[in-house]
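Here are a few exercises to work through with the model open beside you. Try each task before you read its solution.

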Amino acid sequence: MRIISEGLITDETPPRLLGGRHKDSGRIVFPCPAGEDFDAYPLQRHGHLWSYTVQRYRPKSPPYTGPEAFEPWAVAYVELPGETIVEARLANIALDEIRIGMPLRLTLIPLDPSASDPIMIHAFEPAGEPA
Amino acid sequence: MNDVCIVGIGIHPFGRTEGLSGLEQGVHAVRQALNDAGVEWRDIQFAYGGSDAAGNPDSMVERLGLTGMQFINVRNGCATGGSALFSTQMAIKSGEFDLGLAVGFDKHPRGAFNALPSEYNLPEWYGEAGYMITTQFFAAKITRYMHEHGISPATLGRVSEKAFRNAVHAPHAWRREPVPLDVIMEAPLVSDPYTKYMFCSPAEGGVALILASEKKARELGKPLIRLKAATMRTRPPGSFEVFAPSIDIERGGSATMIASADAFHLAGIGPDDIDVAQLQDTEAGAEIMHMAENGFCRDGEQDQWLAEGRTEIGGHLPVNTDGGCLACGEPIGASGLRQVYENVVQLRQDGGGRQVPGNPRTAYSHVYGAPGVSAVTILER
C-alpha cells in the first residue's frame with residue numbers, strides 16, 4: 001500500500017493520523033510540521049463532523065494528481081475531541097446523508113479508485129451511533 | 001488635524017478585456033485618476049502598485065513617463081490593494097511626500113484560482129489530493145456558520161440577487177444583468193451550499209487612487225475626501241483560513257475583526273456611524289459573515305437584515321453598492337482599490353442609479369484573503 005506522503009499516518013493497524021504537538025503551548029496540529037517546535041503526536045481515530053462541503057468540479061492539475069475522470073466528493077472538517085479539527089475526504093456515505101455532528105472514524109481510500117496499485121489518502125467514514 | 005485625502009480616482013472596467021494586458025488596464029486607470037485630480041504624471045512623487053498575476057507594477061513607468069519617481073511593488077493576496085493604499089497613506093502621513101499613487105491591476109486565467117502548496121508553506125500532498133481549492137474553504141466555513149447561527153440558504157441567494165441588481169447601475173461592473181432569486185437558488189452547485197451565482201470569478205481590471213496631504217488637496221481645490229483610517233492585519237490564533245489542513249478546536253477571532261476594530265478606533269467612530277460599506281464578497285456567505293465580523297450586526301441577524309432589505313441601496317446600511325466581487329469579479333491586485341473607488345463615487349454623490357440617498361458622509365471598505373489577511377479603510381467627507 002502506498003500513502004500519498006511519508007509521515008502522514010502511524011505504522012500500525014489500523015493506522016492513526018500523525019499530528020504534531022507544540023513543545024511549549026501543547027497546541028495540536030495536522031500534519032506534523034517540520035522543524036524542532038513540534039513533537040509527533042498520533043491523533044485519535046474517532047471524531048465527529050464539524051463542517052463540510054462537496055467538491056463538484058475537478059481541481060486543476062497541477063497540483064491535483066487524481067484521475068481525469070471526476071465524481072463529486074465530500075470534503076469535511078472532523079473534530080477530534082481535545083485534539084484538533086482535521087480536514088479530510090468523507091467516504092462511504094451518500095452526499096445527501098451528511099450531517100454536522102455525525103460520528104466518524106478514520107479510514108484510507110484510493111486517490112484513483114480504478115488504479116491497480118492506488119495511492120492512498122486519508123478520509124473519514126460514518127462510525128454508527130455515538131459511543 | 002491633517003488627514004490624508006483622496007483627490008483622484010480612475011478605473012478600467014472589470015471583467016474580460018481581450019487584447020489588453022493587466023498592466024495596460026492599470027495605465028488606463030492611472031490616466032483617468034490623474035485627469036480626475038487635475039495633476040500630471042510628473043507631479044506624482046511616489047507609487048505603490050499591486051498585481052498578483054499580471055506582472056511587475058513598476059513596469060508602468062515605461063508607459064506613463066520615466067520621471068525617476070519611487071515605485072514600490074506590493075503583493076499581498078486579496079489584501080494587495082488594501083496594502084498598497086495603506087502604504088501610500090503612511091508615506092504621506094510621515095511628511096515625506098505630498099502626492100502619491102496607489103494602483104492595482106490584474107488579469108487572471110478563466111476558472112478557479114490555481115494556488116500551489118509551496119506558495120503557502122504547505123506539503124505537496126495537500127495539493128495532489130485536491131485540497132488546494134479556495135471554494136472548498138469558503139463553502140465549509142459558511143456551512144458551519146449557517147449551522148451555528150441559523151442562516152438560511154435563501155439569505156445567500158438574496159446577497160447575490162442584490163449584487164447583480166446593484167451592478168446594473170455600475171459602468172465598471174462585469175455582470176450587469178439582474179438574476180432572479182429562484183434562478184440563483186436552482187443553479188448548479190459549485191461547492192455546497194453555493195450555486196454558481198454565489199461565487200465571484202477571477203477577472204481583469206485596474207484601479208488607481210491619487211492621495212494627497214490635506215494641504216496639497218486644498219491647493220488642488222478638490223472636495224476633501226478624508227482617509228480617516230487604513231489598516232492591514234494578519235490573523236490571530238484560532239481563526240479559520242483558506243488552505244488549512246487542520247484548525248484549532250478553540251475558536252478565535254479573525255484578521256477582519258482586528259483590522260476592523262483598529263480602523264474604527266483610528267477613525268474615532270463606530271459601525272453605527274457608517275453610511276455605506278463595501279465588504280469582501282468573494283462568495284455570498286462572505287458578505288453575510290463579514291457583516292458581523294466588521295461589527296455591523298450580530299451573528300445570526302443577517303437573515304432578518306437581508307429579508308428586510310437593510311443592505312439595499314436605500315436601506316439602513318447599503319452594502320456593495322456596485323455589486324461587489326460577485327458582480328465585478330476579482331482581479332486580485334485591483335479588487336480592494338475598487339471598493340475604495342466606489343466609496344469615493346458614493347461620497348461625491350456621483351453614483352447615478354446606484355447612489356446611496358441621504359448625502360452619505362462616511363464610507364467603509366473591507367477585504368479579506370489568503371492566508372488570513374484583511375485590510376479596512378474608512379473615508380469621511
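The radius of gyration here is taken over C-alpha atoms, and the globule rule is 2.2 Å times the number of residues to the power 0.38. A word on the source: this is a predicted model, where local features need pLDDT of at least 70, side-chain atom pairs count only at pLDDT 80 or more, and totals for chains, interfaces and linings use all residues. Residues are numbered from 1 along each chain as its sequence is written, while chains are lettered from A and ligands numbered from 1 in the order in which they are written.

**Exercise 1.** Check the radius of gyration of chain B against the globule rule.

Step 1: put 381 residues into the rule, and a compact globule should come out near 21 Å. Step 2: chain B has 19 Å, which agrees. Step 3: for the outline, its C-alpha atoms fill a box of roughly 55 × 50 × 40 Å along the principal axes. Step 4: 60% of the 381 residues count as buried (20 or more other C-beta atoms within 10 Å of their own, with C-beta atoms placed from the backbone).

**Exercise 2.** Test the length of helix α1 (residues 22-37) of chain B, then find what its buried residues pack against.

Step 1: helices are DSSP runs of H or I, at least four residues, and strands are runs of E, at least two, numbered from the N terminus. Step 2: the expected span is 1.5 Å times one less than the number of residues, so 16 residues should span 22 Å, and the end C-alpha atoms are 23 Å apart, which agrees. Step 3: the buried residues include B:Gly22, B:Val27 and B:Leu34. Step 4: their packing partners in chain B include β1 (4-15), β4 (99-107) and α8 (214-220). Step 5: right after the helix comes B:Gly38, with a positive phi near 75°.

**Exercise 3.** Do the same for helix α6 (residues 153-167) of chain B.

Step 1: 15 residues should span 21 Å, and the ends sit 22 Å apart, which agrees. Step 2: twelve of the 15 residues are buried, so α6(B) is largely enclosed by the rest of the structure. Step 3: those buried residues pack against α7 (181-186), α10 (284-293), α11 (302-307) and α12 (324-328) of chain B.

**Exercise 4.** Which order do the strands of the open three-stranded sheet in chain A have?

Step 1: strands pair if DSSP finds at least two bridges between them. Step 2: the order is β3-β2-β4, with antiparallel pairing. Step 3: β3 (28-29) and β4 (38-42) of chain A are the edge strands, each pairing on one side only. Step 4: five bridges join β2 (residues 18-22) to β4(A), and A:Gly20 stands opposite A:Ala40.

Note on methods. Two residues are in contact if their C-beta atoms, placed from the backbone, lie within 7 Å.
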